[in-house]
Amino acid sequence: MVFKYNQNNVKYAKINRNNQTEEEWKIRNMVLKMDKTWYRFLRQKPIWNYILDFYCDKLKLGIEIDDQSHDWKRKEDEERTKYLNLLWIK
């Protein structure tokens with residue numbers, strides 16, 4: 001499925017892919033690789049005004065790796081979850 005996204009987020013997604021956190025690297029390489037899950041997970045997927053750390057279209061599954069930066073963003077995280085749920089993304 002093709003999702004609309006904020007064009008400005010494309011450059012931020014690319015920066016995020018090139019500067020992944022240690023936690024994102026571990027999840028990607030130890031858990032989400034296609035040879036382990038049989039599903040393709042995209043990294044730093046822009047959807048509307050958000051960038052998901054990982055996204056699988058076949059499963060309609062978005063994964064966000066939270067760290068300390070999310071401690072003060074609880075309301076934003078809840079809004080993102082509500083929006084993604086409207087798109088049937090869990």
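Below are three short exercises on strands and a helix in this model, each with a worked solution.

The model is predicted, so local features need pLDDT of at least 70 and side-chain atom pairs count only at pLDDT 80 or more, while totals for chains, interfaces and linings use all residues. Residues are numbered from 1 along each chain as its sequence is written, and side-chain values use heavy atoms, with hydrogens and water left out.

**Exercise 1. The strands**

Work out which strands pair with β2, and in what sense.

*Solution.*
- Step 1: Use the naming rule: strands (E, at least two residues) and helices (H or I, at least four) are DSSP runs, numbered from the N terminus. Two strands pair if DSSP finds at least two bridges between them.
- Step 2: Take β1 (residues 42-47). It pairs with β2 in the antiparallel sense over 5 bridges, and Arg43 stands opposite Phe54 in β2.
- Step 3: Look at the turn. The hairpin of β1 and β2 has 2 residues between the strands, and Trp48 in the turn has a positive phi of about 55°.
- Step 4: Move on to β3 (residues 61-63). This strand runs antiparallel to β2, joined by 3 bridges, with Tyr55 opposite Gly62 in β3.
- Step 5: Check this second hairpin: 4 residues lie between β2 and β3, and Lys60 takes a positive phi near 50°.

**Exercise 2. Cover on β2**

Find how many residues of β2 are buried.

*Solution.*
- Step 1: Set the cut-offs: buried means under 20% relative accessible area, exposed over 50%, and partly exposed in between (1.4 Å probe, protein chains only).
- Step 2: Apply them to β2 (residues 50-56): 7 of its 7 residues are buried.

**Exercise 3. The two sides of α4**

Decide which residues of α4 are buried and which exposed residues sit on the face turned away from them.

*Solution.*
- Step 1: Check the length. Helix α4 (residues 74-86) has 13 residues and reaches 19 Å from its first C-alpha to its last, close to the 18 Å expected at 1.5 Å a residue (1.5 Å times one less than the number of residues).
- Step 2: Pick out the buried residues: Asp77, Arg80 and Leu84. They lie on the same side of α4 because they cover an arc of only 60° around the axis, taken from the directions from the helix axis to the C-beta atoms.
- Step 3: Recall the geometry: an α-helix has 3.6 residues a turn, so residues three or four places apart point the same way.
- Step 4: Turn to the opposite face, which carries the exposed residues Lys75, Lys82 and Leu86.
- Step 5: Ask what covers the buried residues: β1 and β2 are included, with contact meaning heavy atoms within 4.5 Å.
- Step 6: Finish just after α4, where Trp88 takes a positive phi of about 65°.
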